[in-house]
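I set out to record what can be looked up in this structure, beginning with the helices and ending with the overall form. The entries follow in the order in which I made them.

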Amino acid sequence: MTQTATSSLLEALPPREAAVVGRLGRVFAEAGHELVLVGGIVRDALLGRPLPSDLDFATDALPDRTQALGEAAGASSVYLVGAKFGTVGLVFANVDDEGEGPPIQVEITTYRSEHYPDESRKPEVAFGTSLVDDLARRDFTINAMAADAVTGQIIDPFDGQADLARGIIRAVGNPDERFQEDPLRLLRAARFVAQLGFLIEPETKEAMARQAQSLGRISKERIYSELTRLLTGEYASHGLQALLETGLLVVAMPELAPLAAEAESGAWPRRAHREKDVWDHTLKVVDRTPPRPIVRWAALLHDAAKPLTRTVDATGAVHFFGHEREGAALASRLLGRLKADKATQTAVARLVELHLRPAAYEPDWTDSAVRRLMLEAGDLLEDLLDLAAADVTSARAHKQRTAAMRIESLRERVRRLEEEQALAQLKSPLDGDELMALFGRPPGRWIAIIKDHLRELVIDGELAPDDKETATRIAREMIERGEA
């Protein structure tokens, strides 16, 4: 077991979180119990990454004792999260004298070991074990470390720090057993690749391929959540490639089987635009889009229907006619099967359907044509333009520059039209006909004077665009004062 004495981890915590850790550490130590930070917060602190706001601990104290010690540490709320798993929840609402900041959520779990008697993913839990036994049940070595809540000492029985330094994702112990215990770990491995840019250790990767089919035991909602976290990672393309190479891509998203098959076969000559190029292109587009879930899902699926629509004409040229419409239907099926929320299903399918439109933009488009695109995209316009900007991955620099200029020109055009539309909406609540009817006066300069004044009040926020009653009173006062 590796133990590194360091205060740097505790010093890395934000002040309010550090105060809570200090309180709990002292109370548990005085009562003769161990208390250690566990989970992603230890890993991320060692990596210098942003830390989660919630705190996860493990202890040798049993749940009823943990509840009492939590109250003694000043928790404003203490509750049992799961008696079966020995987890107690704490809420610290008043961390400092000023009482500023949101409440801090804490979970403390009794050391335990787990045995999985079948494939139900319902473990038999045993309490009263050691910290090492508790860490041994975790998924990867980089997550199987703990930090003493008082001293900051790192407890690292599986050399997680060494794997952090090497950028390696390695299962704790026997990788097949770890994945059999919880097949969601298969996707978690690829997700950590996407988030950290690490490599998967060969034995762990081979076990992922062997255990890929066991992912079918996991609920669709949990698969969707894990895939979304993968897609929004800084190194999302690396995570997707890990899914492809282990066979998990097709198990998790069978709708992508044709694309995966072509990507793996490499059967086409490069000049014919084989699907492996489409896969490589897809990975690049995913990485180039902003890490917003809807845009990243659309980036993954925007060309997914190309293998289904591929045709070759008499000259040998390859075409993918209608792949955007087929892709939209594919996106709806995939996200519907994964039980994504309806708003995401609709948005991603719409982006896939429209993804070619911005690339066709030319400066000679009429304002009406641009407005039509704006109307069709609606609230998804910014997402669509971001997807279109990323959808140019040519190795030729001049092609990339030309495409980038086209999308930027379209963005400027859209901004101008939006500004014009906004200005057009900021108008006087009363038009000329209404003013003449109100005052029985003929057309003249007086109308423009009143309308301009009312419009200025609307622009300044002092008058609502539809407040005709107030506008009428102001107009009467202007005429009575001889201002119009």
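For these entries I take helices as DSSP runs of H or I with at least four residues, numbered from the N terminus. I note at the outset that the model is predicted.

**Entry: T344**

I looked up T344 and found it in helix α18, which covers residues 342–354. Is T344 buried or exposed? The relative accessible area of T344 is 9%, and buried means under 20%, so I enter T344 as buried. Leaving out residues up to four places away in sequence, I list Y224, I294 and L335 as the residues that T344 touches.

**Entry: S332**

I then turned to S332, a residue of helix α17 (residues 323–337). Its relative accessibility is 33%, and I record S332 as partly exposed. Which residues does S332 contact, apart from its neighbours within four places in sequence? I found Q345 and A349. For the pair S332 and Q345 I noted a C-alpha to C-alpha distance of 5.7 Å, with their positions 13 residues apart in sequence.

**Entry: two backbone angles**

I next checked phi. Most residues other than glycine have a negative phi. K339 is not a glycine, yet I read a positive phi of about 60° for K339. I place K339 in the loop between α17 and α18.

D159, also a residue other than glycine, has a positive phi near 60°. I located D159 in the loop between β10 (154–156) and α6 (160–166). With 42% relative accessibility, D159 goes down as partly exposed.

**Entry: helix α9**

I examined helix α9, residues 202–211, and listed T204, A207, M208 and Q211 as its buried residues. Looking down the axis of α9, I see these buried residues within an arc of 105°, so they line one face of the helix. The face turned away from the buried side of α9 carries P202 and R210, which are exposed. What do the buried residues of α9 pack against? I recorded two strands, β11 (168–169) and β12 (199–200), together with the helices α7 (175–181), α8 (184–196), α11 (236–246) and α12 (248–252).

**Entry: helix α22**

I treated helix α22, residues 432–439, in the same way. G432, L435 and F439 are the buried residues of α22. Down the axis of α22 they fall within an arc of 65°, so I describe them as lining one face of the helix. On the other side of α22 I found D433 and A437 exposed. The buried residues of α22 pack against α23 (445–459) and α24 (468–480).

**Entry: the whole protein**

Last, I looked up the overall values. I counted 24 helices and 14 strands in the protein. The C-alpha atoms fill a box of roughly 95 × 75 × 40 Å along the principal axes. I enter a radius of gyration of 30 Å, where a compact globule of 484 residues would have one near 23 Å.

Of the 484 residues, 48% are buried. Among contacts with a separation of 6 or more, I attribute 65% to residues 24 or more positions apart. The accessible surface is about 22900 Å², and carbon and sulfur atoms hold 50% of this surface. How far apart are the mean positions of the positive and negative charges? For the 60 positive and 77 negative charges, I noted 6 Å between the mean positions.

Conventions. Residues are numbered from 1 along each chain as its sequence is written. This is a predicted model: local features need pLDDT of at least 70, side-chain atom pairs count only at pLDDT 80 or more; totals for chains, interfaces and linings use all residues. Side-chain values use heavy atoms; hydrogens and water are left out. The radius of gyration is taken over C-alpha atoms; the globule rule is 2.2 Å times the number of residues to the power 0.38. Buried means under 20% relative accessible area, exposed over 50%, partly exposed in between (1.4 Å probe, protein chains only). Contact means heavy atoms within 4.5 Å. Accessible areas come from the Shrake-Rupley method with a 1.4 Å probe; for residues, only the protein chains shown count as cover. Lys and Arg count as positive and Asp and Glu as negative; His and the chain ends are not counted. The place of a charge is taken as NZ of Lys, CZ of Arg, CG of Asp or CD of Glu. The arc is that of the directions from the helix axis to the C-beta atoms.
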